[in-house]
Amino acid sequence: MADQKYKTTRQKPEYVYLDQLNAACKTYIVRVVVAEKGRDTLSSKKTVRFQTLLLKDEKGNRMRGTLFGDQIEAFEEALQYLGEYDISAAPIKFIEEKWRTELDQFPYQMAFGSRTMIQPVHPELGPIMPNYQPIASIPRTVDPDEKYDIVGVVLYVEEEPRKIEARDGKRESFVREIVVTDESCDQPLTISLWNDLTAPKFFEKLPNWAEAFQVIGFRALKPYTRRGFSMNSGMSTRIIYKPEGDRARELSDWANLFHQKILDRQTRVLEVKYPGENKKIVSIAELRRKKPSNTIQEELLWIEVTIQNAELEKVHAYTGCSNCWKRTNLPLQKHYSCTSCYKKECICTERTTFKFEASDGTGTMAFTNFNDDTERLFRRSAAETYAIKEADDHNAFEAIQDMLRSKPFYIKVGPTSHLGQNNVLEWNLKGIGT
Ligand SMILES: [Zn+2]
């Protein structure tokens, strides 16, 4: 039966892989998955609407496909994100070098014409629905290609897009955060939406986020574990304002039942997002009583402490990069190009770290100090401390010891990234104040 469809074409198409296609190919058939489906985008001159697809075959070859203008709506159902299709009679076009992007494995892309045939491989499965997962079930070891769908109760929405400074001359980016929670995880999840997704049209449907505890869905988010655990938007990400299905319904029910719990989580998030003028000072005992369930990743607290036994043996002095602090064996003041941070104009500089036990009336806690904080704590330049350590000058260190023992100072502390990753609460030194 399937053969009859092709009787109008002169040749019967044969299955090929994407790496066999070029602009001369007319009668072919490829079996591909829509691995990415970009958002409806306006060209930089704002004259053309387009939508980019990334097609993948079973050998892992990938090819860009582009829909223009009204095709975006016309092909909405026919080419779904993560759908698998047999595609034939789609024109293959050469891409000039200057237009190629990181999506392009070959210098060709697929266009879609009126004669293009698109046949779902699994029509019996119907439309492809989001596969919403509990936040706690998303793997913390990250595969850069993996994307996940989640639903969450909205706790916070960043009011305006924030500009992210361009590094090494690259284009600047914009980001806007939405913080959500669900029943699976004490830690609220920060979702960073990038660039086009920071536009007002994506946020207009969340006007009452602070009161309403709205349940919304996200498709195709990428995990990010550099600072705890958060998720980033990607090419295929969509915000779904009225999520459907069992998982979304369960979460709505939970949100109605556990209103107070969500309110508490929101309060903690808002305290971090809108910090007061004053330091939030706690005792070491209070800090030790905190639990993962009532602490969030970005939380910052202060303790007021002294160091009863500062030891010169716990001062570590070394020489390292003036930019990234990476250790080097070059002579002091030597200019060099650092292989660790890739900066060309680095100077070999004195660096110090210091391990100590802080105490207040309620308990003790161990910390490690780095560079600038050691300078602030000792009220000595890194070069001075380096010299004291090199000379093993216990007399000079005694003045520092006395000061640390007698004059209380503030330490700013925050949870290590283990909190977001593993729900394990440990405190890190984030800064020294006076
Ligand atoms: Zn460096």
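Which residues coordinate the zinc ion? Four cysteines do the job through their SG atoms: Cys321, Cys324, Cys338 and Cys341, at 2.3 to 2.4 Å. Donors here are N, O and S atoms within 2.8 Å of the metal (3.2 Å for Na, K and Ca), and water is not among the atoms, so sites may look incomplete.

A quick note on the model: it is predicted, so local features need pLDDT of at least 70 and side-chain atom pairs pLDDT 80 or more, while totals for chains, interfaces and linings use all residues. Numbering runs from 1 along each chain as its sequence is written, and side-chain values use heavy atoms, leaving out hydrogens and water.

Back at the zinc ion, the angles among the four donor atoms are 103 to 115°, making the site tetrahedral (for four donors, all angles between 85 and 135 degrees). In sequence, the donor residues follow C-x2-C-x13-C-x2-C.

Two of the donors compare like this, with buried meaning under 20% relative accessible area, exposed over 50% and partly exposed in between (1.4 Å probe, protein chains only):

| Residue | Relative accessible area | Class |
|---|---|---|
| Cys321 | 0% | buried |
| Cys324 | 28% | partly exposed |

Now the whole chain. Of its 434 residues, 44% count as buried. The C-alpha trace spans about 95 × 60 × 35 Å along its principal axes. The radius of gyration is 28 Å, whereas a compact globule of 434 residues would have one near 22 Å (taken over C-alpha atoms; the globule rule is 2.2 Å times the number of residues to the power 0.38).

Definitions and conventions:
Tetrahedral: all angles 85-135°; square planar, octahedral: opposite > 155°, others 65-115°.
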